[in-house]
Amino acid sequence: MNKARECYERSAKAGNSNGMHNLGLLFESGKLGQSNPARAREWYSKAAALGFDASKERLASLEKGIVRSPKQQDRPNVLSLSLSLSLSLCLSPNFEENEI
């Protein structure tokens with residue numbers, strides 16, 4: 001997961017809301033260790049400010065006290081696709097921060 005985190009951080013720093021959202025997912029689910037809803041909320045807030053609807057939904061759930069566990073997913077296929085597409089984009093040999 002460290003490589004995924006690195007990729008999502010690069011993407012997020014480049015202003016990509018999908019990378020921001022995926023970092024939120026990693027922190028919320030505990031896939032980076034222990035669940036950290038506060039850090040997840042930070043990343044979701046940044047993505048939501050850019051209009052990322054899934055981050056707005058996760059923020060609303062966190063406000064209600066609903067935290068995603070590592071095995072729990074709102075939309076399993078969409079989440080898996082989102083994470084894997086972002087990671088493959090970041091791992092691409094042509095990845096440039098300004099291209100995301």
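Buried means under 20% relative accessible area, exposed means over 50%, and partly exposed lies in between (1.4 Å probe, protein chains only). The model shown here is predicted: local features need pLDDT of at least 70, side-chain atom pairs count only at pLDDT 80 or more, and totals for chains, interfaces and linings use all residues. Residues are numbered from 1 along each chain as its sequence is written, and side-chain values use heavy atoms, with hydrogens and water left out.

**View 1. The whole chain is built from helices, with no strands.** Let's begin with the overall picture. The chain has 5 helices and 0 strands (DSSP runs numbered from the N terminus: H or I of at least four residues for helices, E of at least two for strands). Of its 100 residues, 36% count as buried. Take the contacts (heavy atoms within 4.5 Å) between residues at least 6 apart in sequence: 51% of them join residues at least 24 apart.

**View 2. Four helices contribute to the largest nonpolar core.** A nonpolar core is a set of buried Ala, Val, Leu, Ile, Met, Phe, Trp, Tyr and Cys residues joined through side-chain atoms within 4.5 Å. This one has 15 residues, and Tyr8, Ala12, Met20, Leu23, Ala40, Trp43 and Tyr44 touch the most other members. At least two core residues come from each of α1 (2–13), α2 (17–29), α3 (37–49) and α4 (53–63). In soluble globular proteins, nonpolar side chains tend to be buried together.

**View 3. Zoom in on methionine 20 and its contacts.** Which residues does methionine 20 contact, leaving aside its neighbours within four places in sequence? They are Ala12, Gly15, Trp43, Lys46, Ala47 and Leu50.

**View 4. Asparagine 16 sits in the loop between α1 and α2.** Is asparagine 16 buried or exposed? Asparagine 16 counts as buried because its relative accessibility is 19%. A polar atom of its side chain lies 2.8 Å from the backbone nitrogen of glycine 19.

**View 5. Helix α4 has a buried side and a face turned away from that side.** Look for Ser55, Arg58, Leu59, Ser61 and Leu62, the buried residues of α4. Seen down the helix axis, these residues fall within an arc of 160 degrees, so they line one face of α4 (the arc is that of the directions from the axis to the C-beta atoms). Their cover includes α2 and α3. On the face turned away from the buried side, you will find the exposed residues Asp53 and Glu63. After α4 comes glycine 65, with a positive phi near 85 degrees.

Methods
A polar contact is a pair of N or O atoms within 3.5 Å; within protein, one must be able to donate a hydrogen and the other to accept it, and residues adjacent in sequence count only if both atoms are side-chain atoms.
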